[in-house]
Amino acid sequence: NSAYGGAFIGPAQTVTVAPGGTVHADCSVPYRKPASLSGTITVKNVPPFDAVEQLSVLLCPSYAPYNGVSPSIACVNGYGSNLTVSNGTATASYSLSGLPPVTWTAYPSFCAQSGCGTNAKKGVTVTLTPGGSGTANVSTSFLLPGQALLTGTISVTGAPTNFSDEVGVTACLLNQTGVVTPCSQFYGISGNSYALVLAAGQWSVKGFYLAQPYDNAIDGPTQVVTLAKKQTMNLYLSVPYQVPGTATGTITVNGLP
């Protein structure tokens with residue numbers, strides 16, 4: 001009925017298609033007057049150094065609830081407007097129309113500088129009637145279930161006074177045997193402060209800077225930290241400055257016509 005309204009679905013039927021055969025199947029969708037839904041989205045305990053940039057609501061029908069991994073194709077998104085942030089709480093309003101009049105569950109979602117997420121455990125259920133309107137106010141904490149926040153600063157020790165190379169963080173999740181899993185790098189941060197939303201567990205973390213002019217990564221020492229669910233940890237990282245060297249030589253291409 002509308003771009004963000006969701007699918008009006010008719011009754012299912014079973015058909016059998018033989019190899020090389022053709023089956024004729026007529027499908028019907030009974031018309032139902034669309035409904036609307038509105039409400040507010042709230043994210044609490046937002047850290048001052050990791051601003052929330054967008055709030056939204058994930059709306060899923062009762063037959064296809066959000067599993068916390070990937071939403072069903074039957075789900076729709078409603079984006080917040082009039083975003084306000086005050087005392088660590090971000091709030092916005094949303095409104096969706098053209099919705100099938102069924103039972104829906106609204107899940108709070110947000111995007112911050114450190115990433116985006118949807119809280120599958122904070123869904124609010126609402127039943128819409130044909131042509132009617134409903135309200136669902138959703139809220140979540142900044143850290144979603146199973147997440148932790150790692151913050152701190154990165155300093156390059158022994159650097160010259162005019163040093164301005166970009167710094168970053170490498171974080172690697174350790175499995176139960178202590179083996180490093182594929183790592184993620186985070187850079188483009190403001191100044192020398194960083195904030196990473198990570199899954200709870202044991203992490204190998206190190207700072208680095210990108211040496212000019214070719215942005216070669218110069219790593220600092222590795223530190224291992226254990227993050228618990230909903231925990232916020234501050235970790236100082238340092239990278240010893242390395243005086244750049246030079247390489248000279250010749251390049252020869254043989255066999256030219």
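The exercises below, each with a worked solution, concern a predicted model of a protein chain.

**Exercise 1. Describe the overall build of the chain, and decide whether the chain is spread out or a compact globule.**

Begin with the secondary structure, which comes to zero helices and 19 strands. Next, take the radius of gyration, which is 26 Å for this chain, and set it beside the 18 Å that the globule rule gives for 257 residues. Because the value for the chain is well over the value from the rule, the chain is more spread out than a compact globule. The extent of the C-alpha trace can be added to this picture, since along the principal axes of the chain the trace spans about 75 × 65 × 40 Å. Finally, turn to the contacts: among those in the chain with a separation of 6 or more, 67% are between residues 24 or more positions apart.

**Exercise 2. Find how many disulfides the structure holds, and work out which pattern they follow along the chain.**

Recall that a disulfide is a covalent bond between the sulfur atoms of two cysteines. A search of the whole structure finds three of these links. In the pair C60 and C75, the sulfur atoms lie 2.1 Å apart, while in the pair C111 and C116 the distance from S to S is 2.0 Å. In the pair C172 and C183, the sulfur atoms are 1.9 Å apart. When the bonded cysteines are counted along the chain, the disulfides follow the pattern 1-2, 3-4, 5-6.

**Exercise 3. Determine whether the disulfide of C60 and C75 is right-handed or left-handed, and state where its two cysteines sit.**

The first step is to look at the torsion about the S-S bond of C60 and C75, which is about 115 degrees, so this disulfide is right-handed. The second step is to place the partners: C60 belongs to strand 2 (residues 52–61), whereas C75 is in the loop between strand 2 and strand 3 (76–79), and the pair, 15 residues apart, links distant parts of the chain. The third step is to ask about burial, for which the cut-off is a relative accessible area under 20%. C60 has a relative accessible area of 0% and is therefore buried, and C75, at 12% relative accessibility, counts as buried too.

**Exercise 4. Treat the disulfides of C111 with C116 and of C172 with C183 in the manner of the previous exercise.**

For C111 and C116, the torsion about the S-S bond is about 110 degrees, so the disulfide is right-handed. C116 counts as exposed because its relative accessibility is 57%, and the cut-off for exposed is over 50%.

For C172 and C183, the angle about the S-S bond is 110 degrees and the link is right-handed. This pair links distant parts of the chain, with C172 in strand 12 (residues 167–174) and C183 in strand 13 (residues 180–187), 11 residues apart. C172 counts as buried because its relative accessibility is 6%, whereas C183, at 42%, counts as partly exposed.

**Exercise 5. Describe the surface of the chain, including the nonpolar patch to which V17 belongs.**

Start with the whole chain, which exposes about 15,000 Å², with carbon and sulfur atoms supplying 52% of that area. Buried residues, for their part, make up 35% of the 257 residues. Then turn to the patch, which V15, V17 and V23 form on the surface, with about 240 Å² of accessible area together. V17 is placed in the segment before strand 1 (35–44), and because its relative accessibility is 54%, V17 counts as exposed. A cysteine can be judged by the same rule: C27 has a relative accessible area of 70%, so C27 is exposed.

Terms used
Residues numbered from 1 in each chain as written. Predicted model: local features only at pLDDT ≥ 70, side-chain atom pairs only at ≥ 80, totals over all residues. Heavy atoms only, no water. Disulfide = S-S within 2.5 Å. Helix = DSSP H or I, 4+ residues; strand = E, 2+ residues; numbered from the N terminus. Buried < 20%, exposed > 50% of the residue type's maximum accessible area, 1.4 Å probe, protein only. Patch = residues over 30% accessible without salt bridge, like charges linked within 9 Å, V, L, I, M, F, W, Y side chains within 5 Å. Areas by Shrake-Rupley, 256 points an atom, 1.4 Å probe, with all protein chains shown as cover. Salt bridge = Lys/Arg side-chain N within 4 Å of Asp/Glu carboxyl O. Rg over C-alpha atoms; globule rule 2.2 N^0.38 Å. Contact = heavy atoms within 4.5 Å.
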